[in-house]
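Grab a pencil and have a go at a few exercises on the protein below. Try each task before you read its solution.

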Amino acid sequence: MKQISYDSAVQLIYQYTDKLAKEGKLNKKEDNFSIVLPFEHHQALIVEVGPDDKGKRQVSFKVMEKAFVMKKVKNTVLNVFEGA
């Protein structure tokens, strides 16, 4: 099975982020967002961009040995303003 380095995987995420920004789907300087890059054997690299505990914008990466991505709930949006 083909292997990829951590740095190469991070570059794939940056390229995807640039693509989303060019398509107008993402403002990478202002939006809070996460991107999941899934691999075989349920591995994933996740980037999260948003405020830290002090409100300062940060970028963090998580390497997940076991990550599962559920199917999208069709015709439904999450009400992020109600209950947590």
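Below are five short exercises on this predicted model, each with a worked solution.

**Exercise 1. Overall layout**

Work out how many helices and strands the protein has, and in which order they run.

*Solution.* Start with the count: there are 1 helix and 3 strands. Next, walk along from the N terminus, and you read α-β-β-β. For the overall dimensions, the C-alpha atoms fit a box of roughly 45 × 30 × 30 Å along the principal axes. Finally, check the burial: out of 84 residues, 19% count as buried.

**Exercise 2. The largest pocket**

Find which residues lie nearest the centre of the largest pocket, and say which elements each supply at least two residues of its lining.

*Solution.* First, the space: this pocket holds about 360 Å³. Then look at the wall, where 16 residues form the lining, and Q3, I4, F39, E40 and Q43 sit nearest the centre. Now turn to the elements: α1 (6-22), β2 (44-51) and β3 (57-64) each contribute at least two lining residues. Last, sort the lining by class, and you get 9 nonpolar, 4 polar and 3 charged residues.

**Exercise 3. The second largest pocket**

List the residues that line the second largest pocket, then sort the lining by class.

*Solution.* Begin with the volume, about 150 Å³. The lining is made up of V36, V69, M70, K71 and K72. Sorting by class gives 3 nonpolar and 2 charged residues, with no polar ones.

**Exercise 4. L78 and its patch**

Decide whether L78 is buried or exposed, and name the residues of the nonpolar surface patch that includes L78.

*Solution.* Locate L78 first: you'll find this residue in the segment after β3. Its relative accessibility is 74%, and the cut-off for exposed is over 50%, so L78 counts as exposed. Now for the patch: L78, V80 and F81 together make a nonpolar surface patch of about 450 Å².

**Exercise 5. S60 and a partner along the chain**

Classify S60 by its accessibility, and state how far apart the C-alpha atoms of S60 and E48 are.

*Solution.* S60 belongs to strand β3. The relative accessible area of S60 is 23%. Buried needs under 20% and exposed needs over 50%, so S60 lands in the partly exposed class. As for the distance, S60 and E48 are 12 residues apart along the chain, and their C-alpha atoms are 5.3 Å apart.

Methods:
Residues numbered from 1 in each chain as written. Predicted model: local features only at pLDDT ≥ 70, side-chain atom pairs only at ≥ 80, totals over all residues. Heavy atoms only, no water. 1 Å grid on protein atoms, 1.4 Å probe; cavity = no way out; pocket = protein on both sides within 12 Å on 5 of 7 lines; lining within 4 Å. Points joined across faces, edges and corners; volume = space filled by probe spheres on them. Helix = DSSP H or I, 4+ residues; strand = E, 2+ residues; numbered from the N terminus. Nonpolar A, V, L, I, M, F, W, Y, C, P; charged D, E, K, R; others polar. Patch = residues over 30% accessible without salt bridge, like charges linked within 9 Å, V, L, I, M, F, W, Y side chains within 5 Å. Areas by Shrake-Rupley, 256 points an atom, 1.4 Å probe, with all protein chains shown as cover. Salt bridge = Lys/Arg side-chain N within 4 Å of Asp/Glu carboxyl O. Buried < 20%, exposed > 50% of the residue type's maximum accessible area, 1.4 Å probe, protein only.
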